[in-house]
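Visitor: I have a model open and would like to walk through it with you. Could you show it here and take my questions one at a time?

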Amino acid sequence: MHTSVCDLLGIEFPIFAFSHCRDVVAAVSKAGGLGVLGAVGLTPDALDVELTWIEEQAGDKSFGVDVLVPAKYIGVEEGGMSPKDLVGLIPAEHRDFVNGLMDKYHVPPLPDDERLPSTAGAMSWSHKGAEPLMDVAFEHRIKLIANA
């Protein structure tokens, strides 16, 4: 099946795969669809690394990036909230619930070298945080920026 969106994005099939896994994004693009990397949890530096890798793996195939640029959010009037403020909005009851599930099902904590800071990616949940991600994305040969 070939549609006008295929022509618009330079893809063979009108198949889109949104993933936080760069391997999936590159594989879908190489197979003729459009892999789209979810970038909301990445720093600008990490996004640059991921997009460079995807470009190398996908060759001349098309791919995209998904960022979150909400029109309205808590703290918009102040230009966005800090990562610490956003993390602080999570109620203690929710933290206790999640920790209880982890304990109940014997889910071990991540090793320190695999653990992200508790504020990783938190700033990209606002326009102020998404803008640097879009700047990085536009430095690469993306065919699409999704705002989901």
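Visitor: Thanks! What area does the protein chain expose, and what share of it do carbon and sulfur atoms supply?

Guide: Happy to help, and please keep in mind that this is a predicted model. The exposed area of the protein chain comes to about 9300 Å². Of that area, the share from carbon and sulfur atoms is 60%.

Visitor: Which pattern do the helices and strands follow along the sequence?

Guide: The secondary structure consists of 6 helices and 4 strands. Read along the sequence, they give the pattern α-β-α-β-α-β-α-α-α-β.

Visitor: In what order do the strands sit in the sheet?

Guide: The sheet is open, and its pairing is parallel. Its edge strands, each pairing on one side only, are β1 (16-19) and β4 (144-147). From one strand to the next the twist averages 25 degrees. The order is β1-β2-β3-β4.

Visitor: Which residue in β2 stands opposite F18?

Guide: Strand β2 covers residues 34-38 and pairs with β1 in the parallel sense over 4 bridges. β2 also pairs with β3 in the parallel sense, again over 4 bridges, and there L37 stands opposite V65. As for F18, the residue opposite is V36.

Visitor: Which residues of β3 are buried on each of its two faces?

Guide: In a regular strand, side chains alternate between the two faces of the sheet. β3 is mostly covered, with 5 of its 5 residues buried. One side holds F63, V65 and V67, and the other holds G64 and D66.

Visitor: What angle does the direction of α3 make with that of β3?

Guide: α3 packs on the sheet and touches both β2 and β3. The helix has 15 residues and spans 21 Å from its first C-alpha to its last, close to the 21 Å expected at 1.5 Å a residue. Just after α3, G59 takes a positive phi of about 65 degrees. The angle between the directions of α3 and β3 is about 160 degrees.

Visitor: What covers the buried residues of α3?

Guide: The buried residues in question are L47, E50, L51, W53, I54, E55 and A58. Their cover includes α2, β2, β3 and α6.

Visitor: Which element gives the most residues to the largest nonpolar core?

Guide: That core has 17 residues, and L37, L47, L51, I54, F63, V65 and V67 are the ones that touch the most other members. Elements giving two or more residues are α2 (22-30), α3 (44-58), β3 (63-67) and α6 (127-138). With 5 residues, the top contributor is α3.

Visitor: How many residues are in the second, separate core?

Guide: Among the members of this second core are L9, I11, L34 and V36. The core counts 5 residues.

Visitor: Why does A137 count as buried?

Guide: A137 lies in helix α6. Leaving aside neighbours within four places in sequence, A137 is in contact with L47, L51, V65, I142 and I145. A residue counts as buried when its relative accessible area is under 20%. A137 meets that cut-off because its relative accessibility is 1%.

Visitor: How far apart are the C-alpha atoms of A146 and D66?

Guide: A146 is found in strand β4 and counts as buried at 12% relative accessibility. Not counting residues up to four places away in sequence, A146 touches F18, V65, D66 and V67. A146 and D66 are 80 residues apart along the chain, yet their C-alpha atoms are separated by 4.5 Å.

Visitor: Is H106 buried or exposed?

Guide: H106 sits in the loop between α5 (92-104) and α6. The residue has a positive phi of about 55 degrees although it is not a glycine. The cut-off for exposed is over 50% relative accessible area. At 68% relative accessibility, H106 therefore counts as exposed.

Visitor: One last pair of numbers: what percentage of the residues is buried, and what percentage of the contacts with a separation of 6 or more joins residues 24 or more positions apart?

Guide: The protein chain has 148 residues, and buried ones make up 34% of them. Among contacts with a separation of 6 or more, residues 24 or more positions apart account for 63%.

Key
Residues are numbered from 1 along each chain as its sequence is written. This is a predicted model: local features need pLDDT of at least 70, side-chain atom pairs count only at pLDDT 80 or more; totals for chains, interfaces and linings use all residues. Side-chain values use heavy atoms; hydrogens and water are left out. A nonpolar core is a set of buried Ala, Val, Leu, Ile, Met, Phe, Trp, Tyr and Cys residues joined through side-chain atoms within 4.5 Å. Buried means under 20% relative accessible area, exposed over 50%, partly exposed in between (1.4 Å probe, protein chains only). Contact means heavy atoms within 4.5 Å. Accessible areas come from the Shrake-Rupley method with a 1.4 Å probe; for residues, only the protein chains shown count as cover. Two strands pair if DSSP finds at least two bridges between them. Axes are lines fitted to C-alpha atoms, for helices over the stretch in contact, and angles run from 0 to 180 degrees between N-to-C directions. The expected span of a helix is 1.5 Å times one less than its number of residues.
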